[in-house]
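Colleague: I would like a close look at a single part of this model, followed by an account of how the rest is put together. Please keep it plain.

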Amino acid sequence: MQMLEPETATLEVATARSTRQPARTGIVIDASCDVGPGLLASPDVAVIPIPIRIGNSTYIDQHDAEATARYMRENANGEGASGQSLPLDATQMSSLFLEHFALDYDSVYCLTITATRSPIFEAASHGSVLATSAIRSARQAKGILRPFQFRVIDTRNMFAGSGIPAMALQDMLQARIPARDIRGALLRIIDATHTYYVPDNLGYARARSRVRGDRSISLASVLLGGALDIKPIVLGRQGDTRPVGKYRGRSEAWARLLSFAAAQVHRGLHTPHLILSYAGALQELQAAPALDALRVACNEHGVNLHVLSMSITGMMNIGPGGLTLAFAGDTQGHQP
């Protein structure tokens with residue numbers, strides 16, 4: 001997919017769709033949000049692409065399997081540490097919203113990566129204002145009198161953590177939860193969402209986290225961790241991050257985190273989804289022994305376990321071999 005130019009998603013294109021389809025609710029996520037394929041397959045879901053530039057190469061993050069495979073192939077040795085994301089601006093956001101949602105929708109929810117780490121929320125907010133004005137005018141011209149709402153919501157999290165409220169939102173819409181109840185329920189899930197990050201290379205993770213304004217990995221940790229093969233576990237919640245554990249080697253760190261997640265499933269989740277996203281070949285994650293116990297726990301409690309390739313944006317920021325795990329629940333003070 002090429003970069004959207006403002007003129008490529010004009011209101012005329014959107015108007016040509018007419019109103020033959022019944023009005024419905026749309027969902028927009030930015031490409032950094034790790035979600036299951038069922039959500040992405042819905043015709044009511046749009047993805048905000050995120051261009052990524054590394055050296056002379058450009059990658060378009062938009063949940064495309066070929067683009068993801070190319071990124072992994074060309075940046076397996078940590079080249080992404082010098083990468084730069086180039087998010088769409090408000091005008092480009094508006095064009096995308098008009099292209100997808102001009103006349104066939106009564107409401108749209110746009111969920112973005114935390115505003116503390118990215119300008120996407122601000123650009124989407126401004127873009128939604130531009131799009132809403134044009135959409136309402138077009139609806140009025142077509143005699144559509146029903147109100148139209150466009151809500152941009154900061155998930156206050158990243159990667160797998162942004163995916164949890166998106167999956168919950170789709171569940172609410174499918175269950176026909178009244179519109180007046182959705183926003184409050186969604187914000188409660190966002191408040192309760194915990195994301196755990198396990199970077200595989202501390203030096204890479206520190207370089208990228210400092211670009212995002214995150215100081216959770218210190219230089220001392222990098223020097224000591226590199227010598228001892230220490231893997232930290234970092235908690236992301238409510239727009240902030242902090243380290244909550246460190247272990248010798250990937251196997252121990254993963255085992256601790258996956259066992260903790262299984263215990264949390266037994267304690268109870270606020271929405272029946274648990275997301276694992278990995279910056280590498282999924283066979284490596286599937287082979288982790290502790291994943292079996294997590295699967296059993298999820299099956300026992302009716303929780304959907306999503307094991308996914310990480311978004312290109314996530315891979316660039318966490319680094320090759322990085323893992324994220326997210327759920328919404330009360331951890332009752334427990335940590336990995």
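Colleague: Which residue in β4 stands opposite R53?

Modeller: The residue is T58: R53 stands opposite T58 in β4. Bear in mind that this is a predicted model. The pair belongs to strand β3, residues 50-54, and its neighbour β4; five bridges join the two, and they run antiparallel. They are part of an open sheet of three strands, ordered β4-β3-β5, with antiparallel pairing. The edge positions go to β4 (57-61) and β5 (84-85); each has a single partner strand, so one side of each has no neighbour in the sheet. Helix α3, residues 65-74, packs on this sheet and touches β3 and β4. The direction of α3 makes about 140 degrees with that of β4.

That is the part you asked about; the rest of the chain gives it a setting. The protein has 336 residues, of which 55% are buried. Its secondary structure comes to 13 helices and 13 strands. Of the contacts between residues at least 6 apart in sequence, 78% join residues at least 24 apart.

A second open sheet has six strands in the order β10-β9-β8-β13-β11-β12, and its pairing is mixed. At its edges stand β10 (240-248) and β12 (304-309), each with a single partner strand, so one side of each is left without a neighbour in the sheet. From one strand to the next the twist averages 20 degrees. Within this sheet, β11 (residues 273-278) pairs with β12 in the parallel sense, over six bridges. One residue pairing there is S277 with L308, its bridge partner in β12.

Helix α6, residues 160-174, lies across β8 (193-198), β11, β12 and β13 (323-328). Its direction is at about 140 degrees to β11. The helix has 15 residues and reaches 21 Å from its first C-alpha to its last, close to the 21 Å expected at 1.5 Å a residue. It is mostly covered, with 12 of the 15 residues buried. Among the buried residues are G161, I164, M167, L169, Q170 and M172. Just after the helix, R176 takes a positive phi of about 60 degrees.

Two of those α6 residues, L169 and Q170, also appear in the surroundings of I27. Leaving out residues up to four places away in sequence, I27 touches D44, V45, A46, F101, Y109, L169, Q170 and L173. I27 is found in strand β1, residues 24-30. Its relative accessibility is 3%, so it counts as buried, the cut-off being under 20%. I27 and L173 are 146 residues apart in sequence, while their C-alpha atoms are 9.9 Å apart in space.

From β1 one can go on to β6, since the two pair in the parallel sense over six bridges. In this pairing, I29 stands opposite L111 in β6. L111 in turn stands opposite I153 in β7. That second pairing, between β6 and β7 (residues 149-154), is parallel and also runs over six bridges. Seven of the eight residues of β6 (residues 105-112) are buried, so this strand is largely enclosed by the rest of the structure. At 0% relative accessibility, C110 counts as buried. C298 counts as buried as well, at 1%. A search of the whole structure finds zero disulfides.

The aromatic side chains remain. A search of the whole structure finds nine aromatic pairs. One of them is Y196 with F260: the ring centres are 5.3 Å apart and the planes stand at 75 degrees, so the pair is edge-to-face. Y196 lies in β8 and F260 in helix α10 (residues 249-267), so the pair ties together parts that are 64 residues apart in sequence. Both members are covered: Y196 is buried, with a relative accessible area of 0%, and F260 counts as buried at 8%. Elsewhere, F97, F148 and F150 form one aromatic cluster.

Definitions and conventions. Residues numbered from 1 in each chain as written. Predicted model: local features only at pLDDT ≥ 70, side-chain atom pairs only at ≥ 80, totals over all residues. Heavy atoms only, no water. Pairing = 2+ DSSP bridges. Helix = DSSP H or I, 4+ residues; strand = E, 2+ residues; numbered from the N terminus. Axes fitted to C-alpha atoms, helices over the stretch in contact; angles between N-to-C directions. Contact = heavy atoms within 4.5 Å. Disulfide = S-S within 2.5 Å. Buried < 20%, exposed > 50% of the residue type's maximum accessible area, 1.4 Å probe, protein only. Phe/Tyr/Trp six-rings, centres within 6.5 Å; stacked < 30°, edge-to-face > 60°. Expected span 1.5 Å × (residues − 1).
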